[in-house]
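The exercises below are meant to be worked with the sequence and the coordinates at hand. Try each task before reading its solution.

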Amino acid sequence: MSARRYEPTPVTSDTTEVKILVPGHHEMVSLLGQRDELLKLIESSFSTAILVRGNEIRIHGESAEADKVAYLFEELLGLLDAEQTLTLDSLERTIDMVKTDGGKPTEVLTQAALVHRGKAVRPKTAGQKRYVDAIHSKTITFGIGPAGTGKTYLAVAMAVRSLLGKEVSRIILTRPAVEAGERLGYLPGTLYEKIDPYMRPLYDALMDMMDAEKMAQLIQRGTIELSPLAYMRGRTLNNAFIILDEAQNTTPEQMKMFLTRLGFGSKVVVTGDVTQIDLPSGQFSGLNAAREILTEIDGVGFEFLSAKDVVRHKIVQEIVEAYRRFDESR
């Protein structure tokens, strides 16, 4: 479905016209959206005039801006080639990448971290792609960023992929249990009943990526283990994919204890949001300590996600950004 771009035609000393030939009518409909909703978003995002006639798109405007719009259309056609469905949400992210040189959309949005029952878990932003690439290449990866940036979800997807690909023999998911006034041991019920509220986000991610019956079997056999951080002490974890979630709520001592559990053939992902620390006032976060101590170690990577990487409702991006500005002003 490759688009054909005609050579830019200078209109004035400051403006140019670029033509894009789209292969077929169906592709044009997919590209522009029902009732041209995708085209309208593109037009509102750039200072160019866009004219569609038959299978030809003409882009008229300042040379650099017209070239960006032409590149955007070529990338969108590349996404359609890769059997991606264009939506307003995915188009907004593609436009942002094109405008900010934030990565090549056809490389970012077509990489699958995991495929389950025909549904692919993919990075949706350039920041998420860097995060997934770091998990693949590093022994220990820290994913730091606000809520909704896919830190935990993508880490679990990579863990399931590694397990199914027999790169590891088990998955270990852990979180610090920061209770409101009661120690975990005093809570009623079995161990799993006690930790269930803390581990629920990890359960939810797992349930999106494998059949419930299969997941239950793997948990029962210990192939997938969900455990509070306190239960990691004294262990050596070989041939495992280990995820520490909500790491901003660890103390420096807990973080050191956790990281030194790493055994042979294992991979670690540590996720956290340093703006949501629930430790007692005055207690330094182990995640912040790790940022200061470990940055120079080979095999350890830090990836920082931002409001631009939030993949929930668009208003969540605005909420995250508003709180960031508020915190900076204090």
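**Exercise 1.** In which sense do strand S8 and S13 pair, and over how many bridges?

*Solution.* Bear in mind that the model is a predicted one. Begin with strand S8, which covers residues 140-144 and pairs with S13 in the parallel sense over 5 bridges. Next, look at one of the partners in detail: isoleucine 144 has phenylalanine 304 of S13 as its bridge partner.

**Exercise 2.** Place this pair in its sheet, and find which strands stand at the edges.

*Solution.* First write down the strand order, S10-S9-S11-S12-S8-S13, which describes an open sheet of 6 strands with parallel pairing. Strand S10 (224-228) and strand S13 (300-304) each have a single partner strand, so one side of each remains without a neighbour in the sheet. Finally, the turn between neighbouring strands of this sheet, with direction ignored, is 15° on average.

**Exercise 3.** Determine which strands helix H6 and helix H7 touch.

*Solution.* Helix H6 (residues 126-137) packs on the sheet through S8, strand S11 (240-244), strand S12 (267-272) and S13, and its direction makes about 150° with that of S12. Helix H7 (residues 151-164) also packs on the sheet, where it touches S8, strand S9 (170-175), S10, S11 and S12, while its direction makes about 170° with that of S11.

**Exercise 4.** Is isoleucine 315 buried, partly exposed or exposed?

*Solution.* Locate isoleucine 315 in helix H12, residues 314-329. Its relative accessible area is 44%, and because the partly exposed class lies between 20% and 50%, isoleucine 315 is partly exposed. Together with Ile319 and Tyr323, Ile315 forms a nonpolar surface patch with about 320 Å² of accessible area.

Note on methods: Residues are numbered from 1 along each chain as its sequence is written. This is a predicted model: local features need pLDDT of at least 70, side-chain atom pairs count only at pLDDT 80 or more; totals for chains, interfaces and linings use all residues. Side-chain values use heavy atoms; hydrogens and water are left out. Two strands pair if DSSP finds at least two bridges between them. Helices (H or I, at least four residues) and strands (E, at least two) are DSSP runs, numbered from the N terminus. Axes are lines fitted to C-alpha atoms, for helices over the stretch in contact, and angles run from 0 to 180 degrees between N-to-C directions. Contact means heavy atoms within 4.5 Å. Patches are made of residues with over 30% relative accessible area and no salt bridge: like charges are joined within 9 Å, nonpolar side chains (Val, Leu, Ile, Met, Phe, Trp, Tyr) within 5 Å. Accessible areas come from the Shrake-Rupley method with a 1.4 Å probe; for residues, only the protein chains shown count as cover. A salt bridge is a side-chain nitrogen of Lys or Arg within 4 Å of a carboxyl oxygen of Asp or Glu. Buried means under 20% relative accessible area, exposed over 50%, partly exposed in between (1.4 Å probe, protein chains only).
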